[in-house]
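User: Could we go through this structure together? I should like to begin with the strands and then turn to the helices.

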Protein chains: 2
Amino acid sequence: MNEQDKKFMREAIALSRAGMERGDGGPFGCVIVKDGKVVGSGNNRVVSDKDPTAHAEVVAIRDACKNLSDFQLTDCTVYTSCEPCPMCLGALYWARPDRIVFAATREDAAEAGFDDQFIYEELPLPVEQRRFPMERQLREEAQKVFDAWAVMEAKVKY
Amino acid sequence: MNEQDKKFMREAIALSRAGMERGDGGPFGCVIVKDGKVVGSGNNRVVSDKDPTAHAEVVAIRDACKNLSDFQLTDCTVYTSCEPCPMCLGALYWARPDRIVFAATREDAAEAGFDDQFIYEELPLPVEQRRFPMERQLREEAQKVFDAWAVMEAKVKY
């Protein structure tokens, strides 16, 4: 672990504490770095924004993408104070940074009262075995839109 | 499948097509319903918003939470034109609606060129086996903030 990594991780941890103390939400912070500079940052704002998707990583991804004017985090490193939950890790797969560095683990988060570990256990299960009621309906009608997408010429892949 | 389910799913599918045709992003739409009324909706806006988190479900969750002024989707049903990707499913676990109804599957999405299935395969893997480089650093420093959270009195759980 180099000095730059330590510096940015400590910034992410500082954001986690500041957000918690302000009452924004849980104790989570995130900093996104490109070419040695912070291009986006965030802390958990679920409570203050009344937005269940406003986890530190999602807030930071949206901030960085806005600043970079891109929907990809190419050549970026993401420093997050805790191992990303499945929502945030999924968001990071879509954003495609080069590297993710995290500090606390999902077990630490579970111990602090957050559902990360539970959601990690649920996601790999077949739809019908999850604790969450999910049903499939009208598949063929939705597939028709995918067929239209397949033959559409002017489209941006992401 | 009752008539109400069909009606709202068709609205979600219509949003998926309209968003695709406008060039907002991929062919995905979502409608959130409470007490028989639409309280939030969205389509994929990854390209138009330059935001990799702007999937239909995330956009709809944020819209519904704003309209309901709540970070939970209690008593809501989510109609989405495609099985949620791990990011969106994670977001739904955090938002806690009563029920999720989807139309196309993750396999349909993969066939149309989207990474949903790949991300579903990656998430359950141990950190060191993922294709995405992830490292853990400064765990103890982050844990101290969790300790502070544990003893904090004025906190809102989510």
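Analyst: Two strands are said to pair if DSSP finds at least two bridges between them. Strands (E, at least two residues) and helices (H or I, at least four) are DSSP runs, numbered from the N terminus. The model is predicted, so local features need pLDDT of at least 70 and side-chain atom pairs count only at pLDDT 80 or more, while totals for chains, interfaces and linings use all residues. Residues are numbered from 1 along each chain as its sequence is written, chains are lettered from A and ligands numbered from 1 in the order in which they are written, and side-chain values use heavy atoms, with hydrogens and water left out.

User: Fine. In which sense do strand 1 and strand 3 of chain B pair, and over how many bridges?

Analyst: They pair in the antiparallel sense, over five bridges. K34(B) stands opposite C76(B) of strand 3 in that chain.

User: And what sits opposite K34(B) in strand 2 of chain B?

Analyst: That is K37(B). Strand 1 and strand 2 of chain B are antiparallel as well, with six bridges. They form a hairpin with two residues between them, and D35(B) in the turn has a positive phi of about 50°.

User: Is strand 1 of chain B mostly covered or uncovered?

Analyst: Mostly covered, since five of its six residues are buried; buried means under 20% relative accessible area, exposed over 50%, and partly exposed in between (1.4 Å probe, protein chains only).

User: What is the strand order in the sheet with 4(B) and 3(B)?

Analyst: The order is 5(A)-4(B)-3(B)-1(B)-2(B), an open sheet of five strands with mixed pairing. Strand 5 (134-136) of chain A and strand 2 (37-43) of chain B are at the edges with a single partner strand each, so one side of each has no neighbour in the sheet. Neighbouring strands are turned by 20° against each other on average, direction ignored. Axes here are lines fitted to C-alpha atoms, for helices over the stretch in contact, and angles run from 0 to 180 degrees between N-to-C directions.

User: How do strand 3 and strand 4 of chain B pair?

Analyst: Strand 3 (residues 76-82) and strand 4 (residues 99-104) of chain B are parallel, over five bridges. T80(B) faces F102(B) of strand 4 of chain B.

User: Which strands of chain B does helix 2 lie across?

Analyst: Helix 2 (residues 56-68) of chain B lies across strand 1 (29-34), strand 2 and strand 3 of that chain, at about 140° to strand 2.

User: Now the sheet with strand 5 of chain B. What is its order?

Analyst: It is an open sheet of five strands, 2(A)-1(A)-3(A)-4(A)-5(B), and its pairing is mixed. Strand 4 (residues 99-104) of chain A runs parallel to strand 5 of chain B, joined by three bridges. The bridge partner of V101(A) in strand 5 of chain B is E135(B). Helix 1 of chain A packs on this sheet, touching strand 1 (29-34), strand 2, strand 3 (76-82) and strand 4 of chain A, at about 145° to strand 1 of chain A; contact means heavy atoms within 4.5 Å. Helix 6 of chain B also packs on the sheet, touching strand 3 and strand 4 of chain A together with strand 5 of chain B, at about 55° to strand 4 of chain A.

User: At what angle do helix 1 of chain A and helix 6 of chain B pack?

Analyst: Helix 1 (residues 3-22) of chain A and helix 6 (residues 139-151) of chain B pack at about 5°, with their axes 9 Å apart. They are therefore roughly parallel to each other (angles under 35 degrees; over 145 is roughly antiparallel, 65 to 115 roughly perpendicular, and the rest oblique). Among the residues making the contact are I13(A) and M20(A) of helix 1 of chain A, and V145(B) and W149(B) of helix 6 of chain B.

User: What about helix 6 of chain A with helix 1 of chain B?

Analyst: Those two helices pack at about 5°, with axes 9 Å apart.

User: Changing topic: is Y120(A) buried or exposed?

Analyst: Y120(A) is buried, because its relative accessibility is 7%. The residue lies in helix 5 (residues 116-122) of chain A. Beyond four places in sequence, its contacts include R106(A), L123(B) and R130(B). The C-alpha atoms of Y120(A) and R106(A) are 9.1 Å apart.

User: Lastly, which residues have the most contacts inside the largest nonpolar core?

Analyst: They are I32(A) and I32(B), in a core of 108 residues. Such a core is a set of buried Ala, Val, Leu, Ile, Met, Phe, Trp, Tyr and Cys residues joined through side-chain atoms within 4.5 Å. Beyond its neighbours within four places in sequence, I32(A) touches residues including V39(A), I61(A), L73(A) and V78(A).
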